[in-house]
Amino acid sequence: MPVESRSMTRVWATAFTLLAGAFLWRYSAGAPAPAGSDGLNPHPVQLRRPAQAPLSGTAELGRQIFFDPRLSAAGTMACATCHNPDHAFGPPDGLAARFGGAKGELQGNRAVPGLRYLYLVPNFSIGPDINEAENVNLNKMATQSAGLARAQKTVGDATSAVAMVPQGGLFWDGRVNTLEEQAKGPLLNPLEMANPDIGTVATKLRKAPYAASFVQLFGAGILQNPGLLVDEAMFAVARFQVEDVSFHPYSSKYDYWLEGKARLTPAEEHGLQLFEDKDKANCAGCHLDKPGRDGAPPLFTDFQYEGLGAPRNKELSVNKDPHYYDLGLCGPMRHDIAAQTQYCGMFRTPSLRNTATRKVFFHNGVYHTLEDVLAFYDFRDVQPEKVYSKGPDGKPRKFDDTPKAYLANMDVVDPPFDRKPGQAPAMTEQDMRDIIAFLGTLTDGDQAQGTLAVH
Amino acid sequence: MKKILCAAVAIGLGAALAGCNSSSDSTPTTTPIKHLVVIYGENVSFDHYYGTYPNATNPAGEPKFTAAAGTPSVNVLTASLLNNNPNLTNVANGTGVSNPFRLDRSQAATADMNHDYTAEQQAYDGGAADLFPEFTGTAETGASGAFGTTGLVMGYYDGNTVTALWNYSQHFAMSDNAYSDQYGPSSPGAINVIAGQTNGFVVGKSSFTDYFIADGQGGKTMMGDVDPTGDTCSSTTDQGSLTGKNIGDLLNEKGISWGWFEGGFDLSLTNADGSTGCSRTHTSSVTNSLKADYIPHHQPFQYYKSTSNPTHVRPTSTQSIGQQGDAANHQYDLQDFFTAVKAGNFPSVTFLKASGFQDAHAGYSDPLDEQTFVTQVVNFLEQQPDWNNTAVLVLYDDSDGWYDHQFAKVGNGSFNATVDQVTSAGNCGTKGTTAQASGVAGKGAVDGRCGPGARQPFIVISPWAKANFVDHTQTTQASVVKFIEDNWLGGERLGGGSFDATTGSIEGMFDFTNGGKNPVLFLDTSTGLVVSKPSAGLPQ
C-alpha cells in the first residue's frame with residue numbers, strides 16, 4: 001500500500017519542467033577559452049569541496065575492513081585488491097575482469113568500476129527524484145515513460161523537457177542504491193570474495209582485530225546478530241568512502257583550472273573545446289563538465305544509462321557461450337526490471353575523473369587504452385569495420401554484443417553516434433589525441449604539477 | 001520612535017528593552033504565554049530518539065551527554081525490551097527479527113520506514129508492538145551513504161546524535177506520553193495539529209484512491225498523503241481538500257495574529273544552487289540527498305479554502321505578516337517569520353516547518369540537519385525581547401513507522417474492513433464499546449481516524465516550562481489546538497468531531513507560578529552541546 005507522496009511521482013509533469021531549466025542553468029559557467037589564450041579559465045569559479053575532518057569511529061572501522069583480505073574466501077582478496085588506492089580506487093591493471101573465487105581462479109563478468117566520487121550518485125530512478133516518491137515502483141515508472149520520445153543529448157542543450165530515462169544507482173547496472181549495499185556484493189559474489197553466506201562473514205568479523213569497535217559503536221548485542229553485524233560492517237566501509245577525502249579529492253588539474261589556478265596546455269585546451277563541441281566529440285553531453293552554480297565541482301557524468309554497443313569482448317570467459325549476453329539494466333546481474341526490455345544493453349555512464357589512470361574501459365573491459373575508446377566513438381557508425389570484427393559475410397559485426405531483439409536500444413541519437421556510414425568521422429586523429437590530453441587533466445593529485453598559474 | 005527602538009532591539013542587540021514586546025502582548029490570554037511557536041518536525045517515534053534517555057553511549061569523538069542529577073524516570077526501553085524484545089522473538093518478522101539497537105551518529109542518514117495507516121496498526125498487533133520489522137520495516141533506501149538493514153525499524157539514536165533535544169529535555173520539559181491523533185503519515189498528522197479532524201475530505205483530482213476512505217456516513221476521511229487542491233506546487237494528478245474548520249478559522253474570528261511558515265514557500269526566491277519556484281532545493285551535507293524545500297502535503301492550512309494561499313502570494317508588508325487581511329492569508333515562507341520577528345512583529349501563534357532537508361524525515365533528511373534547524377530557531381527566539389512570554393513546542397507529524405514499545409489503548413475506533421487492523425482484521429477497537437467520534441457533518445461516528453497512533457517526542461521550551469521535567473499526561477497533536485483555544489479563545493472548541501474536545505492538556509509541562517524564570521539555554525547548532533553564546537545563523 002503506497003505511503004507518502006506517491007502522488008509525487010506525477011509531479012514531474014510540471015515541477016520537473018521548471019527544475020530542468022534551473023538544473024541545466026545551474027551547470028552553466030561560461031564558454032571555454034578561445035584558442036590562443038593564455039591557458040587560463042576566463043571565468044574562474046570557487047569550487048566547494050567537502051569539509052575535511054578526522055574520520056569518525058565508524059569510518060575508521062570501515063578503513064580497516066576495506067583493507068582486510070581475510071574477508072575473502074581465499075584469504076588474499078580485500079576490497080582494496082580490486083579497488084586499489086594507488087589507482088584511484090580502481091583496477092590496478094588492464095585485466096578485462098579480475099580473478100576471484102575461493103582459489104582465485106574464476107574470472108569476473110565485468111570490469112572493475114572506480115570507487116571515487118560515488119558518494120553523490122543519486123538513487124536509481126526513471127527520471128530525476130527530488131520529490132521523493134516513496135514505495136517507488138520502477139516497472140510502473142518505466143511503463144509511464146515508455147511512450148515519451150527520447151531527446152538528443154548535446155552539450156549546452158537548453159531544452160526544458162526533463163529526460164524520463166533511467167539514472168542513478170551503483171554498479172554498472174544501478175542495481176543497488178547505497179554504498180553499503182554495493183560493498184556487500186563482492187563479499188558474497190562467488191566470482192569475487194566468494195563467501196558462501198552472511199554467517200561466514202560474520203564469523204570472520206567477530207574474530208577480526210577490530211571486533212571491539214563494533215561493540216563500542218553499536219552496542220553489546222551486535223556480535224550476536226550476524227545479519228546486523230555484516231550490515232554495520234558494510235556501512236562502516238560506506239562511511240569510509242563518504243568521509244575520507246581520498247575518495248573525493250577534487251584535486252585534478254582541471255579543478256585548479258576551473259578555479260583559475262592552473263593553465264591548460266594548447267593541446268589540453270583544444271581537447272576541452274572538442275569535449276564540449278556538440279558537432280565534434282560531444283562528450284560533455286553525458287560527461288557533464290561544468291560546476292554547479294553553488295560551486296559544486298563537475299562529476300563528469302549525468303548518471304544516465306546508454307546502450308553504446310561496445311564490441312563483444314573475447315577476453316571474458318563468460319563470452320565463450322555465444323548465447324550469453326550482458327544486458328545491463330535488464331540482466332543478468334540485475335533482476336527487478338527484466339521486463340523493461342527497452343533498457344536491455346544499457347549501462348551507467350561512469351565519471352571520467354581519473355579515467356586516464358585506467359587500463360580497462362566499458363562494462364566489458366573491451367578496451368585498454370583511451371586511444372581505442374576514442375576510436376570507438378569516432379568510427380562506430382562511419383567506419384564500423386575499424387571497430388567490430390568481420391562476420392562470415394565480410395561485413396563488420398556491428399553491435400555484436402547485443403541480441404537482435406534489442407538493437408533498437410542502441411544509441412544512434414546522441415552525437416557522434418548519429419552519423420551514417422561513409423560520413424566523415426566527428427574527430428581527426430589529432431582531435432582524438434588532444435581530447436586524450438584533456439582527459440589527463442582529470443586525474444586527481446595534481447597539486448605538484450608545474451603548470452600551476454602564478455598570480 | 002519607540003517602535004523603531006524596539007525593532008532595533010529585536011534585530012538582536014541582545015538586551016531586552018522594557019516595554020518593547022510586540023503587539024501580540026496586548027492580546028488577552030489565560031496563561032502568561034503570548035507567543036506560541038510550534039516546530040512541527042517529520043517522522044520520529046519516541047523510542048527512535050529517546051529509547052535510552054537519559055543514557056548515551058558516549059563513544060570517543062562524539063558529542064558527549066551526561067544526565068543531570070535528579071532527572072526523573074521516563075518510560076523508555078527497559079533491559080528486557082533491549083535484550084529480549086518481542087520483535088526479536090516473534091518469528092513472523094522473518095529475517096528482520098531484531099532487538100532495538102543503537103544507531104551511531106555516523107548513521108544519521110538512514111532509509112525511511114513504512115508509515116502507512118494500516119501498516120502501523122499491523123505493527124502494533126493489538127498492543128503487542130511486536131511486528132515492526134514485518135509491517136513497517138524499510139520502504140526506501142535513502143541516498144548513497146545511508147544505513148540500511150532488515151531490522152532497521154528497531155534502531156534508535158541516543159544523546160550522541162540527538163544531543164540538542166536531550167539537552168532541551170534536561171533543562172525544560174518533555175512528555176513521554178504524547179501520540180499522534182491517529183495512525184498514518186504526514187498529511188493526516190499535519191491536519192490533526194491544526195484541526196484534530198481529518199474527516200470531511202473532498203477529492204480534487206485522483207489517480208490513486210489509497211489516501212482516503214469512505215467514512216460510513218456518506219463522506220470521506222483522509223488517512224494518507226495527498227497534496228492540497230489548488231496549491232501551485234501540488235501534484236497535477238492527485239489533490240484533495242477538507243471542509244471542516246481549523247484553528248486558523250477560530251483565530252481569524254478573534255483577529256489574533258498567526259501564521260504557518262514553511263521552507264520553500266516563496267516561489268520567487270532563487271536558492272544558492274540555482275533552484276527556484278516550486279523546485280527550490282537543498283542538498284543535505286549529511287544525507288547527500290537533493291530534496292525540494294517546499295513539500296505541499298506537509299502544509300495543512302492549504303487544504304482549507306478559508307486559510308489557504310494556493311498561489312503562494314507574498315505578504316503585503318513585513319508589518320502585515322500574521323495579520324488578518326494580509327494578502328498571504330497567514331501562509332508564508334520560513335524566512336518571513338524571522339523577518340517579521342526582527343521587525344517587532346511576532347505573531348501570537350506560529351507554526352514552523354523546515355525546508356525538506358532539515359525536517360528530520362528519514363531518507364532525505366536526518367536528525368543532524370534537524371538539530372541545526374531547531375537550535376538555530378530556539379537560539380534566535382531566546383534572544384528576542386518577547387522570549388519572556390514565549391513557548392516553543394517541538395513535536396512531530398507522524399512516527400515514520402519507527403519502533404516504539406508503548407501502545408496507546410484505542411481511544412477512537414474505526415471499522416473499515418480493509419484498512420483497519422490494529423485490534424483484528426477490519427477492527428480498530430471494539431464496535432459498540434470503543435468511543436468513536438463523529439465527522440464534520442456531526443451526523444454520527446466516522447471511520448478512518450483509528451487512534452491514538454504512535455508515541456512521539458513532545459518537548460516544551462520556555463521560560464515558563466518546568467525544568468528537567470517529564471509529563472505523563474496522555475496528549476496528542478490536537479493538544480496543541482486545545483492549548484491555543486484555552487489560552488487565547490476562552491476554551492472554544494472546533495466541534496464537528498474534532499479531537500480538541502477529548503484530548504489531554506499540555507499545561508502539565510508548564511509552571512505558570514514560577515515567574516517565568518527558567519533560564520535560556522543556547523546550544524551549538526552542529527553538536528547540540530551547551531554554549532554560552534549562540535552562533536548567528538538562521539535556517540535557509
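Student: Which strands of chain B does helix 10 (residues 334–342) of chain B lie across, and at what angle does helix 10 of chain B run to strand 14 of chain B?

Tutor: Helix 10 of chain B lies across strand 11 (258–262), strand 14 and strand 15 of chain B, and runs at about 90° to strand 14 of chain B. Such angles run from 0 to 180 degrees between the N-to-C directions of axes, which are lines fitted to C-alpha atoms, for helices over the stretch in contact. The helices (H or I, at least four residues) and strands (E, at least two) are DSSP runs numbered from the N terminus. The model is predicted, and local features need pLDDT of at least 70, side-chain atom pairs count only at pLDDT 80 or more, and totals for chains, interfaces and linings use all residues. Residues are numbered from 1 along each chain as its sequence is written, while chains are lettered from A and ligands numbered from 1 in the order in which they are written.

Student: What makes strand 14 (331–333) and strand 18 (469–471) of chain B edge strands?

Tutor: They belong to an open sheet of 8 strands in chain B, with the order 14-11-15-1-16-17-4-18 and mixed pairing. Strand 14 and strand 18 of chain B each pair on one side only, and this is what marks them as edge strands. On average, neighbouring strands of this sheet are turned by 20° against each other, direction ignored.

Student: How do you know that strand 1 of chain B pairs with strand 15 (residues 349–353) of chain B?

Tutor: Two strands pair if DSSP finds at least two bridges between them, and 4 bridges join strand 1 of chain B to strand 15 of chain B, which run parallel. The 4 bridges meet the requirement of at least two, so the strands count as paired. One of the bridge partnerships is that of Val38(B) with Phe351(B) in strand 15 of chain B.

Student: Why is Tyr40(B) called buried or exposed?

Tutor: A residue is buried if 20 or more other C-beta atoms lie within 10 Å of its own, exposed if 12 or fewer, and partly exposed in between, with C-beta atoms placed from the backbone. Tyr40(B), found in strand 1 (residues 35–41) of chain B, has 26 other C-beta atoms within 10 Å and is therefore buried. Leaving aside neighbours within four places in sequence, Tyr40(B) is in contact (C-beta atoms, placed from the backbone, within 7 Å) with Val193(B), Phe351(B), Leu352(B), Lys353(B), Leu395(B) and Asp397(B).

Student: Which residues of strand 17 (residues 458–461) of chain B point one way, and which the other way?

Tutor: Phe458(B) and Val460(B) point one way, Ile459(B) and Ile461(B) point the other way, and all are buried. Strand 17 of chain B is joined by 3 bridges to strand 4 (residues 173–175) of chain B, in the antiparallel sense, and likewise by 3 bridges to strand 16 (residues 390–396) of chain B, again antiparallel. Ile459(B) is the bridge partner of Met174(B), and Val394(B) also stands opposite Ile459(B).

Student: Why is helix 11 (residues 370–379) of chain A described by an angle of about 125° to helix 12 (residues 429–439) of chain A, and what is that arrangement called?

Tutor: Two packed helices are described by the angle between their axes and the distance between the axes. Helix 11 and helix 12 of chain A pack at about 125°, with their axes 10 Å apart. That angle makes helix 11 of chain A oblique to helix 12 of chain A, because angles under 35 degrees count as roughly parallel, over 145 as roughly antiparallel, 65 to 115 as roughly perpendicular and the rest as oblique.

Student: How is helix 10 (residues 266–275) of chain A set against helix 12 of chain A?

Tutor: Helix 10 and helix 12 of chain A pack at an angle of about 100°, with their axes 7 Å apart, and are therefore roughly perpendicular to each other.

Student: What makes helix 10 of chain A largely enclosed by the rest of the structure?

Tutor: The conclusion is drawn because 8 of the 10 residues of helix 10 of chain A are buried, among them His270(A), Leu272(A) and Phe275(A). These buried residues pack against helix 12 of chain A.

Student: What makes helix 5 (residues 179–188) of chain A largely enclosed by the rest of the structure?

Tutor: Again 8 of the 10 residues are buried, so helix 5 of chain A is largely enclosed. The buried residues of helix 5 of chain A include Leu179(A), Ala183(A) and Leu187(A), and they pack against helix 3 (79–82), helix 6 (198–207) and helix 8 (226–243) of chain A.

Terms used:
Two residues are in contact if their C-beta atoms, placed from the backbone, lie within 7 Å.
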